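Subject: Structure handover

Hello,

Here is the structure for you to look at. Please open it alongside these notes.

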Amino acid sequence: IGFHLNYLTSTAPDGSFDFEHVPAGEYKLYRYVPRNGRIITEDHPLPLVVKAGETVKIEYSNPGRAVIGQAMPDKPELAVDWLNNDDTLTLKQLPLGTTSVNPKDYATEKAFQAAYNDSYQSPERLEQAREARTYLLAFDQDGSFHADDIPPGTYELKIQVTKPDPNNRVNPFGQPENELGSITREVVVPPGNTPLDLGTLVVPM
């Protein structure tokens, strides 16, 4: 199926950056917000291809518009920590057809495993992975948020409110019992230069 390599770097004051000794292959360049042990959510990903023996030079820019709004709990008396989660805009894509592989259709475990691995290399699955886009919402304490440089498209906006862990632990698989509320809605971002204001989003608690 392949494997993942992660490389981290920080930009210089002028925005320049570099990664060295990167093996050939397909990658995604993305930025992230450090969160004290929390899962890193890919933000503004950009696919790229590294070829053996070549230096890849790119301009990491994201043309688009700002998306702004304000989240409020449906129970105004509740105190909500809007900074406790990674809330996102995710580009909606057409669902893939069935790609499941049934072991009963193969005479040997080896044949099944080969077919299973091949299913992850289908052109449709690879193209969907290349086109996937996620953008992080930056929140203020009052629930107002913004996401900059969002290209036109149809997105799924997801905001989740959870209880902070008193021991500052992070469960990478999530803890549904800690969810206080959430909202998911479709957002269409049209072309333009001015901020797209989503207004007030009431989060059911």
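Below is what was found, from the overall layout down to single residues.

**Overall layout**

First, a caution: this is a predicted model. The protein has 205 residues, and 25% of them count as buried. It holds two helices and 10 strands. Reading from the N terminus, the order is β-β-β-β-α-α-β-β-β-β-β-β. Four strands thus precede the two helices, and six strands follow them.

Contacts across the sequence carry a lot of weight here. Take the contacts with a separation of 6 or more: 66% of them join residues 24 or more positions apart. The exposed surface comes to about 13700 Å². Carbon and sulfur atoms supply 52% of that surface.

**The core**

In soluble globular proteins, nonpolar side chains tend to be buried together. Here the largest nonpolar core has 22 residues. Which of them have the most contacts inside the core? They are W82, L89, L137, F145, I150, L157 and I159. Five strands each supply at least two residues of this core: β3 (65-73), β7 (144-150), β8 (153-162), β9 (179-189) and β10 (196-203).

F145 is a good place to start. Set aside residues up to four places away in sequence. F145 then touches a run from V67 through I68, G69 and Q70 to A71. It also touches L137, A138 and F139. The rest of its contacts are L157, I159, L198 and L201. Of these partners, L137, L157 and I159 are also among the core residues with the most contacts.

**The largest pocket**

The largest pocket encloses about 1700 Å³ of space. Its lining has 48 residues. Closest to the pocket centre are L5, E26, Y27, K28 and L29.

Which elements supply the lining? β1 (25-31), β2 (43-50) and α2 (123-131) each give at least two residues. β1 gives the most, with seven. By type, the lining divides into 25 nonpolar, 12 polar and 11 charged residues.

**Strand β7: D148 and D149**

Two residues in β7 deserve a look. D148 sits in this strand. Is D148 buried, partly exposed or exposed? Its relative accessible area is 36%, so D148 is partly exposed: the value falls between the 20% and 50% limits. Beyond its neighbours within four places in sequence, D148 is in contact with H44, R65 and A66. D148 and I68 are 80 residues apart in sequence, yet their C-alpha atoms are 8.6 Å apart in space.

D149 also lies in strand β7. Most residues other than glycine have a negative phi. D149 has a positive one, near 55 degrees. With a relative accessible area of 32%, D149 is partly exposed.

**H21, before β1**

H21 also has a positive phi, of about 60 degrees, and is not a glycine. H21 lies in the segment before β1. Is H21 buried or exposed? H21 is exposed, because its relative accessible area of 74% is over the 50% limit.

**Two loop positions**

S100 is in the loop between β4 (88-91) and α1 (109-119). Its relative accessible area is 66%, so S100 counts as exposed. S100 and A115 are 15 residues apart along the chain, and their C-alpha atoms are separated by 9.8 Å.

G192 is in the loop between β9 and β10. At 33% relative accessibility, G192 counts as partly exposed. How far apart in space are G192 and P151, C-alpha to C-alpha? The distance is 9.1 Å, with their positions 41 residues apart in sequence.

**Where to look**

For a quick pass, begin at F145 and follow its contacts, including L157 and L198. Then turn to β1 and the pocket lining, to which β1 gives seven residues. Finish with the positive phi values at H21 and D149.

Best wishes

Terms used: Residues numbered from 1 in each chain as written. Predicted model: local features only at pLDDT ≥ 70, side-chain atom pairs only at ≥ 80, totals over all residues. Heavy atoms only, no water. Core = buried A, V, L, I, M, F, W, Y, C linked by side-chain atoms within 4.5 Å. Buried < 20%, exposed > 50% of the residue type's maximum accessible area, 1.4 Å probe, protein only. Contact = heavy atoms within 4.5 Å. 1 Å grid on protein atoms, 1.4 Å probe; cavity = no way out; pocket = protein on both sides within 12 Å on 5 of 7 lines; lining within 4 Å. Points joined across faces, edges and corners; volume = space filled by probe spheres on them. Nonpolar A, V, L, I, M, F, W, Y, C, P; charged D, E, K, R; others polar. Areas by Shrake-Rupley, 256 points an atom, 1.4 Å probe, with all protein chains shown as cover.
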